[in-house]
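Colleague: I'd like to learn how to read a ligand site and the pockets in a model like this one. Could you take me through it?

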Amino acid sequence: MIREIVKDELFLAIKSEEATKKDYQIAIDLVDTLRAHADECVGMAANMIGFSKNIIIVNVHEDYVIMYNPVILSKEGEYETEEGCLSLVGSRKCTRYKKIEVEYSDINWKKKVKKFSGFTAQIVQHEVDHLHGVII
Ligand SMILES: CSCC[C@H](NC=O)C(=O)O
């Protein structure tokens, strides 16, 4: 289902809860909603579509990757940048890291530990921030 994008900063500031296998439909809704916004958005967190659950979706080279309960294990190569977000008007400055290692469960609940770099790493960091109630 294509969902409305939440623009309420108070709701988005709530820390998300652990996701479970029961949250499959939220993951599917994230796929549908990101697909519907593909021209303007490269990643989303579940709270952006109204669910405070630890689920993100990231466009990794045109492949939509769902991550349940992602945790950034390590990061290196700090830099300053500026980002926008569908839930916000305009853009904001932020600090990001060039390389990260992330642990998550994939769409089939298989545990993964993966390294990401560059723009993909930036998207993952942005979406994981959303789960912690941080909007850029
Ligand atoms: C560079 S990271 C930007 C991520 C942002 N998505 C919102 O959560 C977006 O514009 O798709």
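Modeller: Let's begin with a backbone contact: a backbone N or O atom of Val42 lies 2.7 Å from an oxygen atom of the ligand. A polar contact here is a pair of N or O atoms within 3.5 Å; within protein, one must be able to donate a hydrogen and the other to accept it, and residues adjacent in sequence count only if both atoms are side-chain atoms. Bear in mind that this is a predicted model, where local features need pLDDT of at least 70 and side-chain atom pairs count only at pLDDT 80 or more, while totals for chains, interfaces and linings use all residues. Residues are numbered from 1 along each chain as its sequence is written, and side-chain values use heavy atoms, with hydrogens and water left out.

Colleague: Which side chains have a polar atom by an oxygen atom of the ligand?

Modeller: Glu127 has one at 2.9 Å, and His130 has one at 3.2 Å. Taken alone, the ligand exposes 340 Å², and the protein buries 91% of that; such areas come from the Shrake-Rupley method with a 1.4 Å probe, and for residues only the protein chains shown count as cover.

Colleague: What surrounds the ligand?

Modeller: A residue is near if one of its heavy atoms lies within 4 Å. The shell includes Cys41, Met48, Phe119 and His126. By class it divides into 6 nonpolar, 5 polar and 1 charged, where Ala, Val, Leu, Ile, Met, Phe, Trp, Tyr, Cys and Pro count as nonpolar, Asp, Glu, Lys and Arg as charged, and the others, Gly among them, as polar.

Colleague: Which helix gives the most to that shell?

Modeller: Helix H3 (residues 118-131), with 6 residues. Helices (H or I, at least four residues) and strands (E, at least two) are DSSP runs, numbered from the N terminus.

Colleague: And where does the ligand sit?

Modeller: In the largest pocket. A pocket is an open set of points on a 1 Å grid over the protein atoms alone, where a 1.4 Å probe fits, with protein on both sides within 12 Å along at least five of seven lines; lining residues have an atom within 4 Å of a point. A molecule sits there if more than half of its atoms lie within 2 Å of the grid points. H3 gives the most to this lining too, with 5 residues.
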